[in-house]
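Grab a pencil and try each exercise before you read its solution. Keep the viewer open while you work.

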There are 2 protein chains.
Amino acid sequence: MTQINQLFKLAARPVGLPKRSDWSFEEATVAPPADGQILVRVTHISLDPAMRGWMNDARSYIAPVALGEVMRAGGGGEVIASRNPKFAVGDQVVGVFGVQRYALSDGKGVDKVDTSLVPLPVYIGTLGMPGMTAYFGLLDVGELQDGDTVVVSGAAGAVGSVVGQVAKIKGCKVIGIAGGADKCRYLVDELGFDAAIDYKAQDLKKALREHCPKGMNVFFDNVGGEILDSALTCLARGARIVICGAISQYNNTTAVKGPSNYLSLLVYRASMKGMVVFDYASRYGEAMREMAGWMAAGKLKSREHIVEGLETFPDALLKLFAGENTGKLVLKVG
Amino acid sequence: MTQINQLFKLAARPVGLPKRSDWSFEEATVAPPADGQILVRVTHISLDPAMRGWMNDARSYIAPVALGEVMRAGGGGEVIASRNPKFAVGDQVVGVFGVQRYALSDGKGVDKVDTSLVPLPVYIGTLGMPGMTAYFGLLDVGELQDGDTVVVSGAAGAVGSVVGQVAKIKGCKVIGIAGGADKCRYLVDELGFDAAIDYKAQDLKKALREHCPKGMNVFFDNVGGEILDSALTCLARGARIVICGAISQYNNTTAVKGPSNYLSLLVYRASMKGMVVFDYASRYGEAMREMAGWMAAGKLKSREHIVEGLETFPDALLKLFAGENTGKLVLKVG
């Protein structure tokens, strides 16, 4: 009955793009759960841009992963042993289980999910943290209004694709910014965005002006850098910019590129506001119910980009920064 | 009865700091007022950092001054001829009269002021645009709350000195950032700020951490650049940054320095919002009444830095960018 765990521990603070040697890949015997604990066989690991930030030794909205600690990651799996009355063997669960095959947990922050409704990866994507981020970021932080023109960067990613779809469900005009023709086609043809701009092939400022002749009311930013600066040139009066992330800047070896055009906030009486999804934990249920309803009605589509094999983790993570994923990037442990 | 006007017209778009040759200094005969007009003998001209922006041919919250047009400026003076029933000869008035000795006006945007209560320069300072900017920027845009720690940059200037005093009147802790020991002493000893940081002599980030151990709740920014970036490292959760101006950046010959630390907005769930005082025009009366009451009660002090001689205008304006003024910089036409 002894399971052998395999796990990635943080071994070094990355400089620039993380590389395999920034983690150590180890094996260890799995301990049985203590009283109150559950043992989870992790089947799916969530790969998120935020993980890059957690590797830095910097003050942020969450403590950094310590050197020698299992790399932090959200994920899902099956309870295979339980000494916690809230969980039974066989339960499908999601939580922050780390980059490993087996996780012991006291059950805090662990949620049971019904995989007869949607597959488990959806619970770490559209109905998980990225979906919650999109929902509350757009509706609460972005204060979405009827008739708004909404622009989202990283639009083909896990968060961006939900942002755009929710804005469409709410009747808004939606323009996505993504890299590459395939992603742009996906946004318009599959997800029903009004338009998509391929920032790698098009003049972004010009395209934004064309698609948003009155300026954008909401800019939901996952990317930062030049894309944020371009968006700042095309605001409507009173625009709200949601700062969700800045994937273009996470692997910088020099200072983050601040938005040179930030004085547009003054010109357009606009605001730029940061968000962290954890602040909405008490309201996840409300969002889950509404989003699950939209999914059941076929209004909200979820796409997962599945990569297989725990041992591929370092390379799989890099797909995020190379823009290789469309939809939620998930590592299937296998 | 023919008056000779003297005026500064915009002659060139400045590159970097404006120089005398960016204006032409001209003389012209003053025309008598047409029906509905008044003729104002301008006695005081308001010198404001925003004037630098008006000289650029760029889209902003107000049209640029055209080449060949009288340089735009707020100011005050006396009505010396009137064919407008709302104004009588002898009225003291404030308005946007331009950098000139005599101004014809249709009376729109011109307000009569009672100089028996406070001298005219106060009506273009603490009870004028800078005062309105401070009042609405702090209370409305900055959403000042009881117990807030407020930091203001450009604290010894016309806007900053009012921001800090109003925050003190509201019972908040106030730290001013200014350049030089004299200004810092003025803020603490004369205006009652809790502390002042001399950014030229002190380590700003360190000083902010010392004075705001729990971070700042409101940062009212008149300066931008490194000062904004330092402030971003010392926010309290939910902090509001009011973007009023960026005097450090107005004379750049390269791109504006965007705030590299803007991702602190995310870490601290903070917001950065731009403001333009003109949006509050319908509420100026409310602010004027309250601020005049505070002045009468000795709670709000007004200081004007008066420079004399219309012809010194180009050099006088530069005092703003060299940080040579304490309080409201006013050009007395003489």
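**Exercise 1: Domains of chain A**

Task: find the domains assigned to chain A and describe how domain 1 of chain A touches domain 2 of chain A.

Solution.
- Step 1. Start with the bounds: the assignment for chain A lists domain 1 as 4–125 + 303–332 and domain 2 as 129–278. Keep in mind that you're looking at a predicted model.
- Step 2. Now take the centres over C-alpha atoms: those of domain 1 and domain 2 of chain A are 28 Å apart.
- Step 3. Look at the contact, to which domain 1 of chain A brings 19 residues and domain 2 of chain A brings 16 residues.
- Step 4. On the domain 1 side, the elements giving two or more residues are α1 (50–54), α10 (313–322) and β15 (328–332) of chain A. The top contributor there is α1(A), with three residues.
- Step 5. Sort that side of domain 1 of chain A by class, and you get eight nonpolar, eight polar and three charged residues.

**Exercise 2: A helix in chain A**

Task: check the length of helix α4 (residues 158–169) of chain A, then work out why α4(A) counts as largely enclosed.

Solution.
- Step 1. Helix α4(A) has twelve residues, so at 1.5 Å a residue it should span 16 Å. The C-alpha atoms at its ends are 17 Å apart, which agrees.
- Step 2. Next, burial: a residue is buried if 20 or more other C-beta atoms lie within 10 Å of its own. Ten of the twelve residues in α4(A) are buried, so the rest of the structure largely encloses this helix. Among them are A:Ala158, A:Val162 and A:Gln165.
- Step 3. What do the buried residues of α4(A) pack against? Their neighbours are α3 (129–141), β8 (149–153), β9 (173–178), α5 (181–190), β11 (216–221) and β15 of chain A.
- Step 4. Follow the chain past α4(A) and you meet A:Gly171, which has a positive phi, near 85°.

**Exercise 3: A strand in chain B**

Task: describe the surroundings of strand β9 (residues 173–178) of chain B.

Solution.
- Step 1. Five of the six residues of β9(B) are buried, so the strand is largely enclosed by the rest of the structure.
- Step 2. β9(B) pairs in the parallel sense with strand β8 (residues 149–153) of chain B, over five bridges. Here B:Ile175 sits opposite B:Val151. Between β8(B) and β9(B) the chain passes through helix α4 (residues 158–169) of chain B, in a right-handed β-α-β crossover.
- Step 3. β9(B) also runs parallel to strand β10 (residues 195–198) of chain B, joined by four bridges. In β10(B), B:Ala195 is the bridge partner of B:Ile175.
- Step 4. Add helix α5 (residues 181–190) of chain B, and β9(B), α5(B) and β10(B) form a right-handed β-α-β unit.

Notes:
Residues numbered from 1 in each chain as written. Chains lettered and ligands numbered in written order. Predicted model: local features only at pLDDT ≥ 70, side-chain atom pairs only at ≥ 80, totals over all residues. Pairing = 2+ DSSP bridges. Right-handed = clockwise from strand over helix to strand, strands pointing away. Domains from an automatic or database assignment. Contact = placed C-beta atoms within 7 Å. Nonpolar A, V, L, I, M, F, W, Y, C, P; charged D, E, K, R; others polar. Expected span 1.5 Å × (residues − 1).
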